[in-house]
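Got your viewer open and a selection box ready? Here's a short tour to click through.

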Amino acid sequence: MSKRFMIGVDIGTTSTKAVLFNSEGIPVTKHLIEYPLHTPTPSTAEQDPDEILAAVVHTIRSVVDEHSLLPKDISFVSFSSAMHSLIAVDAQGMPLTSCITWADQRSVSWSEKIAEEHNGHEIYRRTGTPIHPMSPLCKLVWLRNEHPEIFQDAAKFISIKEYVFHQFFHTHVIDHSIASASGLFNLEKLDWDEGALQLAGIDTEKLSSPVPTTSMMSGLNDTYERKLGLDKDTTFVIGASDGVLSNLGVDAVDPGIAAITIGTSGAIRTVTDRPVTDPEERTFCYALTENMWVVGGAVNNGAIALRWIREQFSGGDELQEEYSYDHLTQLAETVPPGSEGLLFHPYLTGERAPLWNSNARGSFFGLGLHHQKAHLIRSVLEGVIFNLYSVSKALEEMIGTPRQIKATGGFAKSELWRQIMADIFNQEVTVPESHESSCLGAVVLGMKAIGSIDHFGVISDYVGSTYAHTPIQENAIQYQQLFPLYQRISEKFSEEYKAIADYQKGTKL
């Protein structure tokens with residue numbers, strides 16, 4: 001039987017993964033390749049686009065070869081990708097810059113200028129992308145002003161997924177989902193926003209053609225036909241961004257279901273049937289399909305905060321059992337909810353939602369002599385969840401309280417951390433069985449594209465439940481007492497964050 005398999009590819013910030021699924025949506029095999037994030041300065045975060053392209057090719061070829069598949073066995077290849085990347089390319093599509101990732105902070109001053117002097121709020125309301133250094137809009141303004149020679153030489157400005165597709169098919173297209181995370185795309189018109197383009201100093205010729213996330217392509221060029229082990233006529237589905245596909249991949253696309261992911265960073269997202277933006281600019285809005293929009297907030301600081309405190313206690317020797325994550329969370333279990341009045345704001349790498357403040361800095365508040373190592377650990381776990389809960393509260397003002405929470409990511413390995421989430425949110429938290437949410441989401445989107453399914457309801461057949469936690473009411477009461485204080489502290493510190501950030505950069509207070 002032909003067309004028995006589907007391939008989902010996730011082009012991530014630190015790795016690319018290809019997962020081979022059978023016709024029942026069950027993962028058969030996967031292959032992952034990691035690559036470095038180059039940070040020669042504290043504000044730089046770049047990658048080599050050709051290194052990522054090679055990873056995409058190798059991962060696809062690996063899952064095909066592992067099962068000795070023929071091209072006729074592959075129904076399609078569908079893509080997920082990290083958002084907010086920017087590459088300047090010449091007329092032949094060759095890079096003039098590295099891939100500037102979402103984590104790059106070099107446009108900080110320009111993002112502040114846009115927000116304060118160039119109608120940043122109105123641009124956000126039209127495009128759904130907060131004015132922040134992660135945004136390609138802010139990166140373009142930075143390039144235009146600080147690297148005019150590159151800006152002038154560039155034939156186009158594209159994302160990493162666009163770069164891959166141009167290499168495969170010699171055409172420049174961008175899906176509505178990645179476009180909607182650029183700060184340059186009008187959500188209502190589903191086309192480039194004239195005001196944002198004018199601010200960036202470009203026209204539509206400098207950008208790719210926007211297409212729906214279910215758009216299909218074939219005609220793979222000869223070079224990559226050989227490298228991938230596929231036919232020229234193999235169907236490629238352009239797909240969407242990793243965030244919105246993660247929602248699809250955990251079956252969180254119905255109204256009232258929120259998906260929470262905590263890996264190194266984190267996010268909370270829910271789906272609406274129309275674009276929704278926040279008058280206070282605390283959330284994003286990105287496209288999944290023409291009538292499905294993912295609203296939420298991404299946070300910079302997830303499990304990276306736990307890794308940080310582990311490193312401080314271990315002194316660099318993290319292989320000893322006493323410094324394992326399991327041991328740290330066991331210590332945290334000895335401390336009551338609320339860490340006996342110790343609050344941690346996890347802004348170790350600045351913060352996106354809900355502050356959208358790259359100057360934000362982490363802090364412990366309430367520290368006393370009675371606090372010990374276990375309190376510090378538990379307050380870090382609680383602080384990460386408090387931060388996500390504050391994003392959830394902003395979402396509630398716009399679209400109501402979620403009736404169900406589905407949580408994924410590395411944090412889900414910790415029973416304590418899962419329970420803290422249920423207690424702080426005061427709602428049941430379930431953990432989907434599938435660990436390949438973005439790749440599975442890409443595949444289900446591909447099934448919709450080729451017409452093998454009529455709606456996304458099929459995803460419920462592919463996603464089981466591994467854990468479920470209900471809130472412990474006495475714990476929830478403690479957290480509800482502390483949360484307003486947690487919020488007030490970050491609000492009161494809003495001006496001081498810039499002062500301490502300037503000091504750390506060597507600027508006088």
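Below are the stops, starting with the whole chain and then going to single helices and loops.

**Whole chain**

Keep in mind that this is a predicted model. Show the cartoon for everything: you should get 18 helices and 23 strands. The radius of gyration is 22 Å, close to the 23 Å that the globule rule gives for 509 residues, so the chain is as compact as a globular protein of that length. Turn on a bounding box along the principal axes, and the C-alpha atoms fill roughly 70 × 55 × 45 Å.

Now colour by burial. Buried residues account for 58% of the 509 in the chain. Switch to a surface and you have about 20400 Å² of accessible area, 49% of it from carbon and sulfur atoms. If you like contact maps, take the contacts with a separation of 6 or more: 72% of them link residues 24 or more positions apart.

**Select 373-399 and 473-492**

These are helices α13 and α17, and their axes sit 11 Å apart at an angle of about 75 degrees. Angles from 65 to 115 degrees count as roughly perpendicular, and α13 and α17 are therefore roughly perpendicular to each other. Show side chains for the contact: α13 brings R378, E382, G383, F386, N387, Y389, S390 and K393, while α17 brings Y479, Q480, L482, F483, Y486 and Q487. Sorted by class, the contact of α13 with α17 holds six nonpolar, five polar and three charged residues.

**Select 242-249 and 437-450**

Here's another crossing pair, α10 and α15, with axes that come within 7 Å and cross at roughly 80 degrees. That makes α10 roughly perpendicular to α15. Which residues make the contact? On the α10 side pick D242, L245, S246, L248 and G249; on the α15 side pick S437, S438, L440, G441, A442, V444 and L445. The class count for α10 with α15 is six nonpolar, five polar and one charged.

**Select 415-425**

This is α14, and it's mostly covered, with ten of its eleven residues buried. Among the buried ones are W417, R418, D423 and F425. Step just past the end of α14 to N426, where phi is positive, near 55 degrees.

**Backbone oddities**

Most residues other than glycine have a negative phi, and most peptide bonds are trans. The next stops go against that pattern.

- Select H170, in the loop between α6 (160-169) and β9 (173-175). Phi of H170 is positive, near 55 degrees, and the residue is exposed at a relative accessible area of 57%.
- Select E281, in the loop between β16 (266-272) and β17 (284-289). Phi of E281 is also positive, near 60 degrees. Is E281 buried or partly exposed? At 22% relative accessibility, E281 counts as partly exposed, because the cut-off for buried is under 20%.
- Select A353 and P354: a cis peptide bond joins them, with omega at about -5 degrees. P354 belongs to the loop between β19 (343-345) and β20 (363-365).

**Last stop: D48**

Zoom to D48, in the loop between β4 (46-47) and α1 (49-66). D48 is partly exposed, with a relative accessible area of 32%. Then add C99 and draw a C-alpha to C-alpha distance: D48 and C99 are 6.0 Å apart in space, although 51 residues separate them in sequence.

Key:
Residues are numbered from 1 along each chain as its sequence is written. Side-chain values use heavy atoms; hydrogens and water are left out. Axes are lines fitted to C-alpha atoms, for helices over the stretch in contact, and angles run from 0 to 180 degrees between N-to-C directions. Helices (H or I, at least four residues) and strands (E, at least two) are DSSP runs, numbered from the N terminus. Angles under 35 degrees count as roughly parallel, over 145 as roughly antiparallel, 65 to 115 as roughly perpendicular and the rest as oblique. Contact means heavy atoms within 4.5 Å. Ala, Val, Leu, Ile, Met, Phe, Trp, Tyr, Cys and Pro count as nonpolar, Asp, Glu, Lys and Arg as charged, and the others, Gly among them, as polar. The radius of gyration is taken over C-alpha atoms; the globule rule is 2.2 Å times the number of residues to the power 0.38. Buried means under 20% relative accessible area, exposed over 50%, partly exposed in between (1.4 Å probe, protein chains only). Accessible areas come from the Shrake-Rupley method with a 1.4 Å probe; for residues, only the protein chains shown count as cover.
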